[in-house]
Amino acid sequence: MVNLELYRVFYTVAKCGSLTKAAEELYISQPAVSQHIQYIEDYYQVQAFRFQGKRIFLTEAGILL
């Protein structure tokens, strides 16, 4: 089951457009942010984000989440 903390990380990544900036805002490590996102994607079996250079964007599935 996905807990609310995972959604908070998901929202922050989407808002910041960067794993690193989201980690700084949440006061957690960048690898921890990546693990949270990976867990959500594995749980729902979707790709929520796509990477383009140093920026990260929501996919259609990510928008629905």
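Which two strands pair in the antiparallel sense, and over how many bridges? Keep that question in mind as you look at this predicted model; the answer comes in the first point below.

1. **The strands.** Strand β1, covering residues 49–52, pairs with strand β2, covering residues 55–58. The pairing is antiparallel and runs over 4 bridges. To follow it by eye, start at F49, whose bridge partner in β2 is L58. Then find Q52, which stands opposite R55 of β2.

2. **The turn.** Together β1 and β2 form a hairpin, with 2 residues between the strands. One residue to pick out in the turn is G53, which has a positive phi of about 65°. While you are looking at the strands, here is a handy rule: in a regular strand the side chains alternate between the two faces of the sheet.

3. **Helices α1 and α2.** Now turn to helix α1 (residues 4–16) and helix α2 (residues 19–26). Their axes come within 8 Å and cross at roughly 125°. Angles from 65 to 115 degrees count as roughly perpendicular and those over 145 as roughly antiparallel, so α1 and α2 are oblique to each other. The crossing of α1 past α2 is right-handed. On the α1 side the contact is made by R8, V9, T12, V13, K15 and C16, and on the α2 side by L19, K21, A22, E25 and L26. By class, the residues of this contact divide into 6 nonpolar, 1 polar and 4 charged.

4. **Helices α2 and α3.** Helix α3 spans residues 30–44. The axes of α2 and α3 come within 8 Å and cross at roughly 105°, and α2 and α3 are therefore roughly perpendicular to each other. Here L19, T20 and A23 of α2 meet Q30, V33, S34 and I37 of α3. This contact has 4 nonpolar and 3 polar residues, with no charged ones.

5. **Helices α1 and α3.** How are these two helices set against each other, roughly parallel or roughly perpendicular? Their axes come within 9 Å and cross at roughly 110°, which makes α1 roughly perpendicular to α3. From α1, the residues E5, L6, Y7, V9, F10 and V13 meet V33, H36, I37, Y39, I40 and Y44 of α3. The classes here are 10 nonpolar, 1 polar and 1 charged.

6. **Salt bridges.** How many salt bridges are there? The count comes to 2. One to look up joins the side chains of R8 and E5, at 2.9 Å from N to O. Both R8 and E5 lie in helix α1, 3 residues apart, which is about one turn of the helix. As background, side chains of opposite charge can pair when their charged atoms come close. You have met this pair above: R8 takes part in the contact with α2, and E5 in the contact with α3.

Notes:
Residues are numbered from 1 along each chain as its sequence is written. This is a predicted model: local features need pLDDT of at least 70, side-chain atom pairs count only at pLDDT 80 or more; totals for chains, interfaces and linings use all residues. Side-chain values use heavy atoms; hydrogens and water are left out. Axes are lines fitted to C-alpha atoms, for helices over the stretch in contact, and angles run from 0 to 180 degrees between N-to-C directions. Angles under 35 degrees count as roughly parallel, over 145 as roughly antiparallel, 65 to 115 as roughly perpendicular and the rest as oblique. A crossing is left-handed if the near helix is turned anticlockwise from the far one by less than a right angle, and right-handed if clockwise. Contact means heavy atoms within 4.5 Å. Ala, Val, Leu, Ile, Met, Phe, Trp, Tyr, Cys and Pro count as nonpolar, Asp, Glu, Lys and Arg as charged, and the others, Gly among them, as polar. Two strands pair if DSSP finds at least two bridges between them. A salt bridge is a side-chain nitrogen of Lys or Arg within 4 Å of a carboxyl oxygen of Asp or Glu.
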